[in-house]
Amino acid sequence: MNLTTPALLFPAISLLLLAYTNRFLVLAQLIRQLKQMESERDQSIIARQLGTLRKRIVLIKRMQATGVLSFLICTVSMFGLFLGANVFGVICFGASLILLSLSLLYSLYEIIISTDAINVELEDFEARHRRGISS
C-alpha cells in the first residue's frame with residue numbers, strides 16, 4: 001500500500017463530517033422550534049418526540065466522534081507510510097476504515113429514528129386534517 005491509498009479517504013470523510021454537522025444544526029433548529037410551541041396539542045407532540053430527539057443527539061455525537069477519529073487515524077496511517085512503517089500504516093488504515101464504517105452505521109440508525117419522528121408529525125397532521133373535514 002502506498003501513501004495515496006489513505007489519502008483517497010480525505011475528501012470522503014470531510015464531506016461526511018460536513019453532512020453530520022448539517023444534521024446536527026437542523027436538529028438544534030428543530031429543538032429551538034419545539035421550545036417555542038405553547039398550545040396543549042403542541043405539548044403532546046413534544047412529549048412524544050423528546051426521547052427521540054435525545055437519542056438522535058447522542059447518535060449524531062457518536063457519528064461525529066467516530067468520523068473525526070477515522071480522519072485522525074487515516075492521517076496517522078499516512079504519516080506511518082510516509083516514514084516507511086508500512087505495517088503500522090496498513091493497520092492504522094484498517095482501523096480508520098472500521099471507524100468510518102461504525103460512523104456510517106450510527107448515521108443509518110439516526111436516519112431510521114428521524115424517519116420515525118417525521119411519522120409522528122404526519123400522524124398529528126392527519127388527525128388534525130380528519131377533524132377539520134368532519135367538523
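Contact here means heavy atoms within 4.5 Å. By that criterion, and leaving aside neighbours within four places in sequence, I13 is in contact with G67, S70, F71 and L100. The structure is a predicted model. The mean pLDDT of the protein is 86. A value of 70 or more is reached by 94% of the residues. Confidence is lowest in helix α1 (residues 4-7), with a mean of 85. It is highest in α3, at 88.

I13 also belongs to the largest nonpolar core, which has 14 residues. Within this core, the residues with the most contacts are L9, I13, Y20 and L100. Three helices contribute: α2, α3 and α4 each supply at least two core residues. The largest share, 7 residues, comes from α2. In soluble globular proteins, nonpolar side chains tend to be buried together.

Helix α2 itself has 28 residues. The distance from its first C-alpha to its last is 41 Å. That is close to the 40 Å expected at 1.5 Å a residue. The buried residues of α2 are L9, I13, L16, L17, Y20, L27, A28 and L34. An α-helix has 3.6 residues a turn, so residues three or four places apart point the same way.

The charged side chains were examined next. The structure holds 2 salt bridges. In one of them, R23 pairs with E110, and the closest N and O atoms are 2.3 Å apart. This pair links distant parts of the chain. R23 sits in helix α2 (residues 9-36), E110 sits in helix α4 (residues 86-134), and 87 residues separate them. R56 also forms a salt bridge with E110, with the closest N and O atoms 2.8 Å apart. R56 lies in helix α3 (residues 40-82) and E110 in helix α4, so this pair ties together parts that are 54 residues apart in sequence. Salt bridges that share partners join R23, R56 and E110 into one network.

The members of this network were also compared by accessibility. R23 has a relative accessibility of 21% and counts as partly exposed. The cut-off for buried is under 20%, so R23 falls outside the buried class. E110 has a relative accessible area of 2% and is buried. R56 is buried, as is E110. Leaving aside neighbours within four places in sequence, E110 is in contact with R23, R56, L59, I60 and M63. Both salt-bridge partners of E110 are thus on its contact list, since R23 and R56 each appear there.

Cysteines gave a negative result. A search of the whole structure finds 0 disulfides. A disulfide is a covalent bond between the sulfur atoms of two cysteines. The sulfur of C74 is 9.7 Å from the closest cysteine sulfur, in C92, too far for a bond. The cut-off is 2.5 Å, so the pair does not qualify. C92 is likewise in no disulfide, with the sulfur of C74 as the nearest cysteine sulfur. C74 is buried, at 0% relative accessibility. C92 is also buried, at 9%.

Three further residues of helix α3 were examined. T66 is found in helix α3. At 9% relative accessibility, T66 counts as buried. T66 touches L99, L102, S103 and Y106, not counting residues up to four places away in sequence.

F79 is also placed in helix α3. F79 is exposed, with a relative accessible area of 52%. The cut-off for exposed is over 50%, so F79 falls in that class. F79 and N2 are 77 residues apart in sequence. In space, their C-alpha atoms are 11 Å apart.

G51 lies in helix α3 as well. With a relative accessible area of 47%, G51 is partly exposed. G51 and Q36 are 15 residues apart along the chain. Their C-alpha atoms are separated by 18 Å.

Key: Residues are numbered from 1 along each chain as its sequence is written. This is a predicted model: local features need pLDDT of at least 70, side-chain atom pairs count only at pLDDT 80 or more; totals for chains, interfaces and linings use all residues. Side-chain values use heavy atoms; hydrogens and water are left out. A salt bridge is a side-chain nitrogen of Lys or Arg within 4 Å of a carboxyl oxygen of Asp or Glu. Helices (H or I, at least four residues) and strands (E, at least two) are DSSP runs, numbered from the N terminus. Buried means under 20% relative accessible area, exposed over 50%, partly exposed in between (1.4 Å probe, protein chains only). pLDDT is the predictor's confidence in each residue, from 0 to 100. A nonpolar core is a set of buried Ala, Val, Leu, Ile, Met, Phe, Trp, Tyr and Cys residues joined through side-chain atoms within 4.5 Å. The expected span of a helix is 1.5 Å times one less than its number of residues.
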